[in-house]
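Trainee: I am new to this structure and would be grateful for a close look at a single part of it. Please take the largest nonpolar core and explain what surrounds it.

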Amino acid sequence: MTHETVDRTDSGLLLPRYRPDDTDAHPSLLSPGYKSTVLRSPRQPLTYLPQRLTEVTGPLLGEGRLGELDHDLTRQHDGEPLGQRIIVHGRVLDGDGRPVPHTLVEIWQANAAGRYRHAVDNWPAPLDPNFDGVGRVLTDDRGRYRLVTVQPGAYPWKNHDNAWRPAHIHFSLFGRAFTQRLVTQMYFPGDPLFFQDPIFNSVRDPKARERMIARYDHATTQPEWALAYEFDIVLRGRESIPFEDEDDDE
């Protein structure tokens, strides 16, 4: 989400704030290497629209909106999905390192073969009948979240010659209303496709790019069951994670 970071109120709301000095930490809305941004990036200067009472009071997000298995993408069907089971966990923090509690964290991803359950994704990789690729969870009082899923596969996307997207999981964070949304992506360490991915490389600051790469967590890895990755999300400040245009769908 270019040019924006967020302020956190005492009630835990995520409030966007215009920050022109954050442009190196967030991808530009116009990133020519990512071809679709040429068509949809704004051609006029961005205008800050303050959030008023109607934007921050509804529709509300909370525990009642979550299903019993929303946090575990491997148990949402009668059968188990194919692929390496993984635990993804971390914290949502503000710029001062304080936890952001009761924030809705949503994810969506491709299956282990690199295919989304989506009508326009029809490249010749198998669909998994036991995997939808979507999940969500609320952070706890200490800003922690935990999700169980499978390792996504890489997939082609025709942005350039022999273009393959690195394995990644999309993250969407909400405050207490749908207008308070931030979007980013989590990547996996050591991926050989980083060098040619224009979405990952649209973040100009190399240190900021590194903050989008999860850390393998052997202490949380469960023997004979699942690998674990830790991915902390910092909303603003020097250590903030890069956020993207929420219209990005790849």
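Mentor: The account below begins with the whole chain, turns to the core, and then follows the strands and charged pairs around it.

The model is predicted, so local features are described only where pLDDT is at least 70 and side-chain atom pairs only at pLDDT 80 or more, while totals for chains, interfaces and linings use all residues. Residues are numbered from 1 along each chain as its sequence is written, and side-chain values use heavy atoms, with hydrogens and water left out.

The protein contains 4 helices and 13 strands; these are DSSP runs numbered from the N terminus, with helices (H or I) of at least four residues and strands (E) of at least two. Among its 250 residues, 48% count as buried. Here buried means under 20% relative accessible area, exposed means over 50%, and partly exposed lies in between, with a 1.4 Å probe and protein chains only. The protein exposes about 12,900 Å², of which carbon and sulfur atoms supply 53%; such accessible areas come from the Shrake-Rupley method with a 1.4 Å probe, and for residues only the protein chains shown count as cover. A contact means heavy atoms within 4.5 Å. Of the contacts in the protein with a separation of 6 or more, 69% are between residues 24 or more positions apart.

Now to the core itself. A nonpolar core is a set of buried Ala, Val, Leu, Ile, Met, Phe, Trp, Tyr and Cys residues joined through side-chain atoms within 4.5 Å. In soluble globular proteins, nonpolar side chains tend to be buried together. The largest core here has 41 residues, and Phe171 and Ile233 touch the most other members. Two or more residues come from each of β3, β4 (104-108), β6, β9 (168-174), β10 (181-187) and α3 (198-201). The greatest contribution is that of β10, with 4 residues.

Phenylalanine 171 shows how such parts of the chain come together. Apart from neighbours within four places in sequence, its contacts include Val88, Tyr145, Leu182, Met186 and Phe231. Val105, Glu106, Ile107 and Trp108 are also among the contacts of phenylalanine 171, as is Ile233.

Two of the contributing strands can be followed further. Strand β6 (residues 144-150) is mostly covered, with 5 of its 7 residues buried. Strands β3 (residues 85-93) and β6 run antiparallel and are joined by 7 bridges; two strands pair if DSSP finds at least two bridges between them. Within this pairing, arginine 91 has arginine 144 of β6 as its bridge partner.

Strand β4 offers another view, through tryptophan 108, which is found in this strand. Outside the residues up to four places away in sequence, tryptophan 108 touches Phe171 and Val183, and among its other contacts are Tyr116, Val134 and Ile169. Valine 134 is 26 residues from tryptophan 108 along the chain, yet their C-alpha atoms are separated by 4.4 Å.

The loop between β3 and β4 holds histidine 102. Its phi is near 55 degrees, a positive value in a residue other than glycine, and histidine 102 is partly exposed at 29% relative accessibility. A UniProt record, an unreviewed entry, places the feature "domain: Intradiol ring-cleavage dioxygenases" at residues 88-116. UniProt positions follow the numbering used here, feature names are shortened, and annotations may be inferred rather than shown by experiment. The span 88-116 is 0% helix and 38% strand, and its end C-alpha atoms lie 19 Å apart.

Charged pairs complete the picture. A salt bridge is a side-chain nitrogen of Lys or Arg within 4 Å of a carboxyl oxygen of Asp or Glu, and by this rule there are 10 salt bridges. Glutamate 106, already named as a contact of phenylalanine 171, meets arginine 136 in a salt bridge of 3.6 Å, N to O. This pair links distant parts of the chain, since glutamate 106 is in strand β4 and arginine 136, 30 residues apart from it, is in strand β5 (residues 134-138). Arginine 136 is partly exposed, with a relative accessible area of 27%.

Another salt bridge joins aspartate 94 and arginine 98, whose closest N and O atoms are 2.6 Å apart. Aspartate 94 is buried, with a relative accessible area of 6%, whereas arginine 98 is partly exposed at 41%. Glutamate 230 and arginine 215 form a further salt bridge, with 2.2 Å between the closest N and O atoms. Glutamate 230 lies in strand β12 (residues 227-230) and arginine 215 in strand β11 (residues 215-216), so this pair ties together parts 15 residues apart in sequence. Finally, salt bridges that share partners join Asp70, Glu106 and Arg136 into one network.
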